[in-house]
Amino acid sequence: MKGKIIVGCLSSLGVLFLAGCQSDGQTLAKPEQTNHVSQGIYLVELAAAQRFSQQASVLNQQFAAYCSTGDSAEQVKQQWHQTMLSWMALQGQERGPQAALEQSWNVQFWPDKKNTTGRKMSGLVAKDKADWQVEEIAAQSVTVQGLGSLEWLLYDSASALTTDANACQLGVAISANLANNAHKIASAWQSNPWSALKTKEWDSEYIALLSNQLDYSMKKLSRPLAKVGKPRAYFAESWRSGTSMLNLKANVAAMQQLYLAQGDGLDAHLRALDKASLADRIQAQFELTLQTWPTEHSLFDLLQTKQGYREVMSQYNKLERLNYLIHEEVAIELGVVIGFNATDGD
């Protein structure tokens, strides 16, 4: 298969706040330096956004290289998963720069209740088009623009990725579009969106940031769990690749990092207010949840047995306990009110 390399610059990975090479050739700026109480949390978010942008750029490179050589797609699958894991730190956010938040659906269309991604991707592949351009993908439905559509190409039995050069070029264009959107997210985080907030306003914003992400993660379990005895396994995130439970564990680890953010994290804030007992309970709940995480990577597979269903329900209950501690107890102690979010009543 012949492919066109979209990205020519590969930055080294795993370095926080690295000015990395991006899909449009621009370089990320250094983090904004402020004395605001939110600075530690801002630095965590910026690092996550930069990491996601770097991983998305590498994914685009590897997809293009795969289409050029026709070698095994295994390396592309591994990089897709690394990119997905890096997205988990930003997934479900409803607080932060608007320019970053508005890219969420472009990066990932979920929940996909009616297999819209599968139907739309099948339609694009059926066009037998050889010269897909990034701009064309950006003009398409969000269902075919991001991580879910790439997962379909890499894992779905209906995908012709390994036999059809045109399908491969579609993947190159989609991954380039993803890299562009990831770069927009990283660029939006170059300045601290909370630096003008007063202390009480920031307390509310910070708790809402954690609470919204936690609520989103819980939805990733509650939707597939559905009614006892009648799970909806196809509602699971990343069911095609069988990596849904790994994604969720990354969600929890990212939230723990936000909670423990150096200097001005919620953990330190509670202890400074002589609320060490509450801080200890929250940290212990994070640790318990992560340490007892299921070894099975696929939520889809877990839901096929009663034992697996119980194991998933146990993890959901742990997240529910964590949500109570943050959304209720912390909010009461700090005297803030957390409003409804986009997933309420969904």
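Modeller: Buried means under 20% relative accessible area, exposed over 50%, and partly exposed in between (1.4 Å probe, protein chains only). This is a predicted model: local features need pLDDT of at least 70, side-chain atom pairs count only at pLDDT 80 or more, and totals for chains, interfaces and linings use all residues. Residues are numbered from 1 along each chain as its sequence is written, and side-chain values use heavy atoms, leaving out hydrogens and water.

Colleague: How many helices are there in the chain?

Modeller: Helices are DSSP runs of H or I with at least four residues, strands are runs of E with at least two, and both are numbered from the N terminus. Read from that end, the elements run α-α-α-α-α-α-α-α-α-α-α-α-α-α. The strand count is zero, and the helix count is 14.

Colleague: What share of the residues in the chain is buried?

Modeller: The chain has 346 residues. Of these, the buried share is 55%.

Colleague: How far apart are the end C-alpha atoms of helix 1?

Modeller: Helix 1 covers residues 39–69, which makes 31 residues. The expected span is 1.5 Å times one less than the number of residues, so helix 1 should span 45 Å. The model agrees, because the end C-alpha atoms are apart by 45 Å.

Colleague: How many residues of helix 1 are buried?

Modeller: Helix 1 is mostly covered. Just after helix 1 comes Gly70, with a positive phi of about 75°. Within the 31 residues of helix 1, the buried ones number 26.

Colleague: Why is the pair of Trp105 and Phe109 tilted?

Modeller: Rings of Phe, Tyr and Trp (its six-membered ring) pair if their centres lie within 6.5 Å; planes under 30 degrees apart count as stacked, over 60 as edge-to-face and the rest as tilted. A search of the whole structure gives 11 aromatic pairs. In the pair of Trp105 and Phe109, the centres are 5.6 Å apart, and the pair is tilted because the planes lie at 50°.

Colleague: What is the relative accessible area of Trp105?

Modeller: Its ring partner Phe109 is partly exposed, with a relative accessible area of 22%. Trp105 is also partly exposed. Its value is 46%.

Colleague: Which residue's ring lies under Lys129?

Modeller: A charge sits over a ring if NZ of Lys or CZ of Arg is within 6 Å of the ring centre and within 35 degrees of the ring normal. Lys129 lies 5.4 Å from the ring centre. The ring belongs to Trp132.

Colleague: Where is the cis peptide bond that has omega near 5°?

Modeller: Most peptide bonds are trans. Pro111 is found in the loop between helix 4 (104–107) and helix 5 (116–126). The cis bond runs from Trp110 to Pro111.

Colleague: Which residue in the loop between helix 4 and helix 5 has a positive phi of about 55°?

Modeller: Most residues other than glycine have a negative phi. Asp128, in the loop between helix 5 and helix 6 (134–138), has a positive phi of about 55°. In the loop between helix 4 and helix 5, the residue with that phi is not a glycine either: Asn115.

Colleague: Ser298: buried or exposed?

Modeller: Ser298 is in the loop between helix 12 (276–291) and helix 13 (299–302). Leaving aside neighbours within four places in sequence, Ser298 is in contact (heavy atoms within 4.5 Å) with Gly242, Ser244 and Met245. Its relative accessible area is 4%, so Ser298 is buried.
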